[in-house]
Amino acid sequence: MEISREQVLHIARLARLRLGEDEVAGFQKDLNSILGYVDKLRELDTTGVEPTTHAVPIDGVLREDVADQRLSPDAILGNAPQKQEGYFRVPKVVED
Amino acid sequence: MKLNELTMTQLKAKFDDGQATASAAVADVLSAIEAGQKYNAYITVCEADTLFARAERIDKARISGAPLGALAGVPIAIKDNMCMKGVRTTAGSRMLENFIAPYDATVVERLEAAGAIIVGKTNLDEFAMGSSNETSFFGPVKNPRDSETIPGGSSGGSAAAVAANLCSAALGSDTGGSVRQPASHTGTVGLKPTYGRVSRFGLIAFASSLDQIGPMTKSVEDAALLLEAIAGHDPRDATSVDRAVPAFQSFVAMGVEGMRLGIPREYFEAEAGVDPDVLANVRGAIQKLEEAGATIVDISLPHTEYAVATYYLIATAEASSNLARYDGVRYGYRADEAKTLLEMYERTRAEGFGDEIKRRIMLGTFVLSTGYYDAYYRKAQQVRTLISQDFDRAFSKVDAIVTPTAPSAAFRFGQKSADPLQMYLEDIYTISCNLAGLPGISVPCGTNKAGLPTGLQMLAPRFEEATLFRVAGQCERSLA
Amino acid sequence: MSVYDKYEVVIGLEVHCQLLTDSKIFSSAPTTFGAAPNTQVCEVDLGLPGALPVLNKQAVEFAIRAGLALGCEIRPTSQFARKNYFYPDLPKGYQISQHVHPICEHGSLTVELESLSRRVRVMRIHMEEDAGKSSHLEGKPVSLVDLNRAGVPLIEIVSEPDLRSSDEAVAYLKELHSIVVYLGVCDGNMEEGSFRCDANVSVRLHGQAELGTRAELKNINSFKFIKDAINYEVRRQIDLIEAGQKIVQETRLYNPNKGVTFSMRSKEESHDYRYFPEPDLPLLVIDSAWLERVRAAMPELPAKKRARFVEAYDLGAHDAEVLCASAPVADYFEAAIEGYAKNPKVLANWVINELLREVSGDQTIDTVPVRPPQLARLVELIDTGVLSGKLAKQVFEAMVESGQEADAIVEEKGLVQVSDEGAITQIIDEIFEQNPGQVSAFREGKTTLIGWFVGQVMKQSRGKANPQIVNDLLRAKLEGQ
């Protein structure tokens, strides 16, 4: 399949990436080249084949419900680009 | 011989004999790092005062006869995608240029519990995405074997640090070959453990179902020693497996007498084309293994040619989601003066991520999106099953599989970076191992005509690292 | 016939319940409500690089309990998935939820209304993590993000579109609320958002097979608002259709001040959540041994308890419903029965009419000073004629005040009922002497004065005279002569 310019823009929006004009064209070319390559998987008949999420069987170990607060406030907010009164501050969430 | 030039095992012997101290080892490593800055192997070197203080404590404890961990006083480097409390952890990205991790990765805790001295954080492809170390925000790493060539990636900094003696050993992480391929290109030993063998807690995720942390060392025995220190179940990683950790070192000298080693024919006729020098070296090694008593068996892994495609669909899908957290809200880079939330997100991520990251996020986002999930992502997961089954069948006939690590020796900077697909094919021999969750190791295996090292890869059934150590140990002795 | 009657209303409900665990669903950070911002978080809840989720076992057991209570099949293996979208209160850029394989499926809940009983199919119950909270600063272009709630465990209970009116929807929600609170899996606090509801509402002509286009009403946090929001939405949709317009499938919010729903349409394109299996978590395996352990520990559910109360204690349906509305009240009642089993009806009246009045604010049924054995004794004193109803109320009030036993108060205040006919006759005679006019008025036919005489005697005796005896003696004296 071929990815269109509009699809590139749509994917970029979903992924929250602002692309320059040249990037749009570049990614369109790269994605089409890569998808052209991965299309070889279509050669394989995978009817009835179970998909693998984990190749290694894992017995899920669950956590007991015991609470503790390990991180200090400094550790929690120390890397924040912007903060205010213990909150992370961001540009306004609701656009109206 | 300077202490930084020794293997870990040799250094430990000197500590035990009283011929060396941890302080002296740290001093030698720090001067080597200073002299080796041209390799750009480290992003962050820990404060000398802190390192010496820790070394002195260990030296005092040793003198007083206090019990010491298996790695007491050994200077170790870790790839800068593992969190270390209070230390900058960048993942080679502008996005985390100033991120100070507020917690320790499990491997960091285990290294420190074993007495290791973590000297610094090594350079890597941005978020471990790359095969040449050219995508790091902090500039490329140079291959100590030939500074015109790439060191391999993404654990290129760790490989270079080991190869140039800027540490005694290092940790890398391997998602599609990121430990084994740079080991091959720098003439060092690199091991990717079975998925679940080593905790991923604190490892900055690239592709969660493929990532594993592994040792990068100067000898096979060192790899066994380091793996013993970091392996084992971790209740903070739900995908870490609760299994006993064998005494891996005891397998290194055991030899391969009676073992059956499989040679997958597809790996020797693959589409990327194996370099003739690599092929000759690998065939030479196989012959030595046969001479050492192994039986060589021709095997088939029929889905090999689909591995790269499968890998790039699964890895990018997981990565697109794993990298969504870098949004400028709680930590990391944030674009200045964005007026709206959407602008803040889009500019932060456009400015904070490099091109290769964006390319993979784009691909991964696409293959998970409505209408394409089944055709791409789910299909890849199904082919993953087929690839896994290839190995299951093979391992019913053989104990281990022997292959080249990379199709060629290290290439020159810029040689493959223009074409993403060419770069992806660099991982053709290493990728299946991650898809199937197997352990794999790369050991040095001669050089090409230009004198650059080439590598030999061995793969074993899940949790059979011990088998790898037997074969790799034999290779090391036979090829010495 | 109104135009609105031409249409059938179709409602499906999605209810989110916060689970009553001490720690979060995927981390050990505490779940305390109302703490200072960003103090109940760890590396997992902050979505720090390298952090990994580990599933809370208690949260799984709570989800199983809810599933069993709603007659669901509990999947032996279920799977977590990532739901990907960007929002400041979603730290990882994805919510860990369950998508294709939820923990519970195919249950039902029967709702009893006055005129009908409706079996509502429960499509699924899945587990997921809650998001944090963003708040907006008035007049400023910024929002503040608090992640304390991020990672609090939730179950989402999704019904099939089986409800046919706002009344049914509310009845379903109330029953569900009562169940999850009974089970001890959710505190049910709607104001704090522990129990919140989305409603999918559509209309279609009666007899039409296919469903109409639905609107999703999001995050409604009271029974009244749910009813009002659905009623408004139904009229809105019918008005649109009648005007020849099309319903748009969209998410709408309810404004309780204006009593209207409004579109939450964002400027951005529609979501594409890109679900895929969560690679950081293995499959959730629930073996039969675990399932049986949870089943064995299940409490009795409201519907069953109500039926048992009617049957065993001969209570009316309404009394049983009030008593069973909350498990602690029902437990209180049964504990009191243990103390005095001879008159459950009166005991029920006392719990409903007197005791529950004391339960408000900080006072709960478990902290009221009058404990079940004490209330039982009080009722016994009434039954045995020691106290009149009126006196018993005084005693009860004193018990609430002081926490003392009924007998002690009766003794201390001398409140024992006077049943001695001689003493009462003496009082009656005095009253007749002082009020000859009333006596003759009664005898001339104004028999309603009997109440006045009783009142006088009770007043004179300071409430202690046995009213039945007073009544008998008065009638004998007034009518007999």
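Chain C of this predicted model is divided by the domain assignment into domain 1 (3–293), domain 2 (300–413) and domain 3 (421–480). Between the C-alpha centres of domain 1 and domain 3 of chain C there is a distance of 65 Å.

The overall form of chain C can be described with a few numbers. The C-alpha trace of chain C spans about 95 × 55 × 50 Å along its principal axes. The radius of gyration of chain C is 30 Å, whereas a compact globule of 481 residues would have one near 23 Å. Of the 481 residues in chain C, 42% count as buried. Among contacts in chain C with a separation of 6 or more, 68% are between residues 24 or more positions apart. The secondary structure of chain C consists of 15 helices and 16 strands.

Strand S1 of chain C, residues 7–18, has two partners described here. One partner is strand S11 (residues 195–205) of chain C, which runs antiparallel to S1(C) and is joined to it by 11 bridges. Within this pairing, Gly12(C) has Asn200(C) as its bridge partner. The other partner is strand S10 (residues 153–159) of chain C, also antiparallel to S1(C), with 5 bridges. Here His16(C) stands opposite Glu156(C). In a regular strand, side chains alternate between the two faces of the sheet.

Pairing also crosses from one chain to another. Strand S2 (87–91) of chain A is joined by 4 bridges to strand S9 (residues 142–146) of chain C, and the two run antiparallel. The bridge partner of Phe88(A) in S9(C) is Val145(C).

This pairing belongs to a wider set of contacts, in which 31 residues of chain A touch 40 residues of chain C. On the chain A side, helix H1 (5–14), helix H3 (73–77) and strand S2 (87–91) each give two or more residues. S2(A) provides the largest share, 5 residues.

Chain A also meets chain B: 58 residues of chain B are in contact with 43 residues of chain A. On the chain B side, six helices each supply at least two residues: H9 (307–322), H10 (341–352), H11 (355–368), H12 (373–395), H13 (420–424) and H14 (431–436). Of these, H12(B) gives the most, with 11 residues.

The table lists the classes of residue on these two sides.

| Side | Nonpolar | Polar | Charged |
|---|---|---|---|
| Chain B, touching chain A | 30 residues | 15 residues | 13 residues |
| Chain A, touching chain C | 15 residues | 6 residues | 10 residues |

Chain B also contains an open sheet of 11 strands with mixed pairing. The strands follow the order S1-S3-S2-S4-S6-S5-S10-S11-S9-S7-S8. At the edges are strand S1 (42–45) and strand S8 (295–299) of chain B, each of which pairs on one side only. From one strand to the next, the twist averages 30°.

In the order of this sheet, S5(B) stands beside S10(B). Strand S5 (residues 189–192) and strand S10 (residues 440–447) of chain B run antiparallel and are joined by 3 bridges. One residue pair in this pairing is Leu191(B) with its bridge partner Ile441(B).

Methods: Residues numbered from 1 in each chain as written. Chains lettered and ligands numbered in written order. Predicted model: local features only at pLDDT ≥ 70, side-chain atom pairs only at ≥ 80, totals over all residues. Pairing = 2+ DSSP bridges. Axes fitted to C-alpha atoms, helices over the stretch in contact; angles between N-to-C directions. Domains from an automatic or database assignment. Contact = placed C-beta atoms within 7 Å. Nonpolar A, V, L, I, M, F, W, Y, C, P; charged D, E, K, R; others polar. Rg over C-alpha atoms; globule rule 2.2 N^0.38 Å. Buried ≥ 20, exposed ≤ 12 C-beta atoms within 10 Å, placed from the backbone.
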